[in-house]
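I opened a fresh notebook page for this one and jotted things down as I looked them up. Come along and follow with the structure beside you.

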Amino acid sequence: MINVFIADDHAIVRQGLKQIVSDADDMAVIGEAENGGDALRQLRQSAPDVLILDIAMPVKGGIDVLKLIHKEKPKLPVLILSMYPEDQYAVRLIRAGASGYLTKESAPEQLVMAIRTLAQGRKYLTPQVAELLAHEVSVGSQAPHAALSDREHKVFLSLASGKTVSQIASDLVLSVKTISTYRMRVLEKMGLHSNAELTQYAFKNKLLE
């Protein structure tokens, strides 16, 4: 039996995931959490075979949880299930320790297949993620955006998608001054000079659709 733990801040999503897992004869849900902090506390006291983890969660985000879990339980396979398309976060999260990445638009059968694959000790890469990883290798890990921190990467994508500094500050619950500082760091690290250049870079490197 494959024991699965679900961490997602939306009750409806968790319920749907539990139903999908329960419908499979060879797996069961042994725990769930609605935020990153609760997920970490429970995972330290349980031993699931696979962790299904959302990125955008309150208290402690999925990226932070992934890094901590990967450090504390390096053998625990983590399947990222996110509303964000693969081209925005998949490669970064695989590099951070995730064993697979699916969007929430994926079919239930694909989720079950991914869980079984991870439980067997293998990574689950969709054709889209595999292509992105191949592109990353061909471009090289020294691509300008690879040097950004997770927070800087989030600000970069937000700016590239057309959001204003004020909108990003609201989204991340940070001050406008802090986001402006992040923007300057992003531009400096990437050797660019404007939001328009960030957008152009993001499309050229397949980071935005």
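My entries below go from overall confidence to helix pairs and then to single residues.

**Entry 1: confidence**

I began by noting that this is a predicted model. I looked up the confidence next, and the protein chain averages a pLDDT of 87. I also wrote down that 92% of the residues score at least 70. Which elements have the lowest and the highest mean pLDDT? I found helix α6 (residues 127–139) at the low end with 73, and strand β1 (residues 2–7) at the high end with 96.

**Entry 2: α8 and α9**

I turned to helix α8 (residues 165–172) and helix α9 (residues 176–190), which pack with their axes 9 Å apart at an angle of about 110°. I therefore put α8 down as roughly perpendicular to α9. The crossing in which α8 passes α9 is right-handed.

Which residues meet here? From α8 I listed V165, S166, I168, A169 and L172, and from α9 V176, I179, S180 and R183. Sorting this contact by class, I got six nonpolar residues, two polar and one charged.

**Entry 3: V165, on the α8 side**

I picked V165 in helix α8 for a closer look. Is V165 buried or exposed? I noted a relative accessible area of 18%, and the cut-off for buried is under 20%, so V165 counts as buried.

Leaving out neighbours within four places in sequence, I found V165 in contact with L159, V176, I179, S180 and R183. I also looked up its distance to S175: the two residues are ten apart in sequence, and their C-alpha atoms are 9.3 Å apart in space.

**Entry 4: V176, on the α9 side**

Next I crossed over to V176, which is found in helix α9. I read 42% relative accessibility for V176, so I wrote it down as partly exposed. Setting aside neighbours within four places in sequence, V176 is in contact with V165, S166 and A169. I checked S166 further: V176 and S166 are ten residues apart along the chain, and their C-alpha atoms are separated by 5.7 Å.

**Entry 5: V173, in the loop between**

I then looked at V173, whose place is in the loop between α8 and α9. With a relative accessible area of 71%, V173 is exposed. What caught my eye was its backbone: V173 has a positive phi of about 55° although it is not a glycine. I added a reminder for myself that most residues other than glycine have a negative phi.

**Entry 6: α1 and α5**

I moved on to another helix pair. Helix α1 (residues 11–23) and helix α5 (residues 108–119) pack at an angle of about 70°, and their axes are 10 Å apart. That angle makes α1 roughly perpendicular to α5. I recorded a right-handed crossing where α1 passes α5.

On the α1 side I listed L17, I20 and V21, which meet P108, L111, V112 and I115 in α5. How do the residues of this contact divide by class? I counted seven nonpolar, no polar and no charged.

**Entry 7: I115**

I stayed with I115, found in helix α5. I115 is buried, with a relative accessible area of 0%. What does I115 touch, leaving aside neighbours within four places in sequence? I wrote down I2, V4, V21, M27, V50, I52 and L79. I looked up V78 as well: I115 and V78 are 37 residues apart in sequence, while their C-alpha atoms are 9.2 Å apart in space.

**Entry 8: S82 and T103**

My last stop was a pair of strand residues. S82 has its place in strand β4 (residues 78–82), and T103 has its place in strand β5 (residues 100–103).

I found S82 buried, with a relative accessible area of 0%. T103 also counts as buried, at 12% relative accessibility.

Not counting residues up to four places away in sequence, T103 touches L81, S82, Y84, P85 and E86. Looking from S82 with close neighbours in sequence left aside, I listed contacts with D54, I55, Y101, L102, T103 and K104. I measured nothing by hand here, but I did look up I55: S82 and I55 are 27 residues apart in sequence and 6.0 Å apart in space, C-alpha to C-alpha.

How values were computed: Residues numbered from 1 in each chain as written. Predicted model: local features only at pLDDT ≥ 70, side-chain atom pairs only at ≥ 80, totals over all residues. Heavy atoms only, no water. pLDDT = per-residue confidence, 0-100. Helix = DSSP H or I, 4+ residues; strand = E, 2+ residues; numbered from the N terminus. Axes fitted to C-alpha atoms, helices over the stretch in contact; angles between N-to-C directions. Parallel < 35°, antiparallel > 145°, perpendicular 65-115°, else oblique. Left-handed = near helix turned anticlockwise from the far one by under 90°. Contact = heavy atoms within 4.5 Å. Nonpolar A, V, L, I, M, F, W, Y, C, P; charged D, E, K, R; others polar. Buried < 20%, exposed > 50% of the residue type's maximum accessible area, 1.4 Å probe, protein only.
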